[in-house]
Amino acid sequence: MQEMETARQIQERLLPHEQPLLPGWQITGVSIPSLQVGGDYFDFTSPGPRVLGIAIGDVSGKGVPAAILMSNLQASIRTAVRIGSNLEEIIAQINDLIFANTQDNQFITFFAGIYNNATSEFSYVNAGHNPPVIIRKDGTREELVEGGVALGVLEESVYEERPVYVAPGDLIVL
């Protein structure tokens with residue numbers, strides 16, 4: 001029982017505790033596992049000034065196996081962002097890592113985006129995740145579906161990055 005509590009505390013520390021500050025934006029994220037630990041993931045990164053990276057994912061399964069794979073995903077993302085590359089390459093590399101290190105029935109639905117506050121451009125890749133939605137100021141909706149298959153499903157998958165413009169007053173829900 002103590003080991004599971006320790007695992008829960010470790011996983012909780014892997015997720016962001018502070019909301020990122022980006023001029024003109026209100027940003028928040030939360031994860032509440034259905035068990036003590038789980039495979040839900042979200043993260044914020046800052047690959048440069050006035051730039052915000054956002055990632056969400058859901059590892060297949062529940063409990064400890066999903067939590068271990070989630071921590072692998074988090075470490076991979078943070079390492080790739082530091083090395084620097086475009087989203088398509090980062091996601092393809094992580095896919096190959098997940099594919100090589102998991103069983104056939106394990107996969108991760110994943111979404112990552114980079115918002116540039118100077119240009120109002122949000123470039124994203126959706127790897128099989130439920131599509132995030134941009135709710136435009138005028139009430140219209142745009143689903144963010146472009147990308148590719150879930151991580152770990154197919155070796156050497158190709159992912160497509162898509163840019164969208166986000167105007168003041170728009171809301172992005174992931």
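Me: A contact means heavy atoms within 4.5 Å. On that basis, what share of the contacts in the chain with a separation of 6 or more comes from residues 24 or more positions apart?

Reply: The model is a predicted one. In it, residues 24 or more positions apart account for 62% of the contacts with a separation of 6 or more.

Me: Why is the chain called as compact as a globular protein of its length?

Reply: The chain has three helices and nine strands, in the order α-β-β-α-α-β-β-β-β-β-β-β. Its radius of gyration is 16 Å, and the globule rule gives 16 Å for 174 residues; the two are close, so the chain is as compact as a globular protein of that length. The C-alpha atoms fill a box of roughly 50 × 35 × 30 Å along the principal axes, and 42% of the 174 residues count as buried.

Me: Why does tyrosine 159 count as buried?

Reply: Buried means under 20% relative accessible area. Tyrosine 159 has a relative accessibility of 3%, and therefore counts as buried. This residue is found in the loop between β7 and β8. Residues it touches, beyond four places away in sequence, include Glu88, Ile91, Val125 and Gly147. Valine 125 is 34 residues from tyrosine 159 in sequence, with the C-alpha atoms 7.0 Å apart.

Me: What makes the approach of the tyrosine 159 side chain to the side chain of asparagine 95 a polar contact?

Reply: The cut-off for such a pair of N or O atoms is 3.5 Å. The distance between these two side chains is 3.2 Å, and the pair is a polar contact. The tyrosine 159 side chain also reaches the backbone oxygen of valine 149, at 3.0 Å.

Me: Why is valine 153 called partly exposed?

Reply: Partly exposed covers the range between the buried limit of 20% and the exposed limit of 50%. Valine 153 has a relative accessible area of 41%, so it is partly exposed. Valine 153 is located in the loop between β7 (147-148) and β8 (162-165). Together with Phe107, Val149 and Leu154, Val153 makes a nonpolar surface patch of about 300 Å².

Me: What makes the meeting of aspartate 43 and arginine 78 a salt bridge?

Reply: The criterion is a side-chain nitrogen of Lys or Arg within 4 Å of a carboxyl oxygen of Asp or Glu. The side chains of aspartate 43 and arginine 78 meet at 2.8 Å, N to O, which satisfies the criterion. Aspartate 43 belongs to strand β1 and arginine 78 to helix α2 (residues 63-83), so the pair ties together parts 35 residues apart in sequence. At a relative accessible area of 2%, aspartate 43 is buried, whereas arginine 78, at 32%, is partly exposed.

Me: Which residues are linked in a network of salt bridges?

Reply: The network links Arg136, Glu142, Arg162 and Asp170. Arginine 136 and glutamate 142 have their closest N and O atoms 2.6 Å apart; for arginine 162 and glutamate 142 the corresponding distance is 3.3 Å. The latter pair links distant parts of the chain, with arginine 162 in strand β8 and glutamate 142 in strand β6 (residues 141-143), 20 residues apart. Arginine 136 has a relative accessibility of 18% and counts as buried, while arginine 162, at 30%, counts as partly exposed.

Me: How many salt bridges does a search of the whole structure find?

Reply: The search finds four.

Key. Residues are numbered from 1 along each chain as its sequence is written. This is a predicted model: local features need pLDDT of at least 70, side-chain atom pairs count only at pLDDT 80 or more; totals for chains, interfaces and linings use all residues. Side-chain values use heavy atoms; hydrogens and water are left out. Patches are made of residues with over 30% relative accessible area and no salt bridge: like charges are joined within 9 Å, nonpolar side chains (Val, Leu, Ile, Met, Phe, Trp, Tyr) within 5 Å. Accessible areas come from the Shrake-Rupley method with a 1.4 Å probe; for residues, only the protein chains shown count as cover. Helices (H or I, at least four residues) and strands (E, at least two) are DSSP runs, numbered from the N terminus. Buried means under 20% relative accessible area, exposed over 50%, partly exposed in between (1.4 Å probe, protein chains only). A polar contact is a pair of N or O atoms within 3.5 Å; within protein, one must be able to donate a hydrogen and the other to accept it, and residues adjacent in sequence count only if both atoms are side-chain atoms. The radius of gyration is taken over C-alpha atoms; the globule rule is 2.2 Å times the number of residues to the power 0.38.
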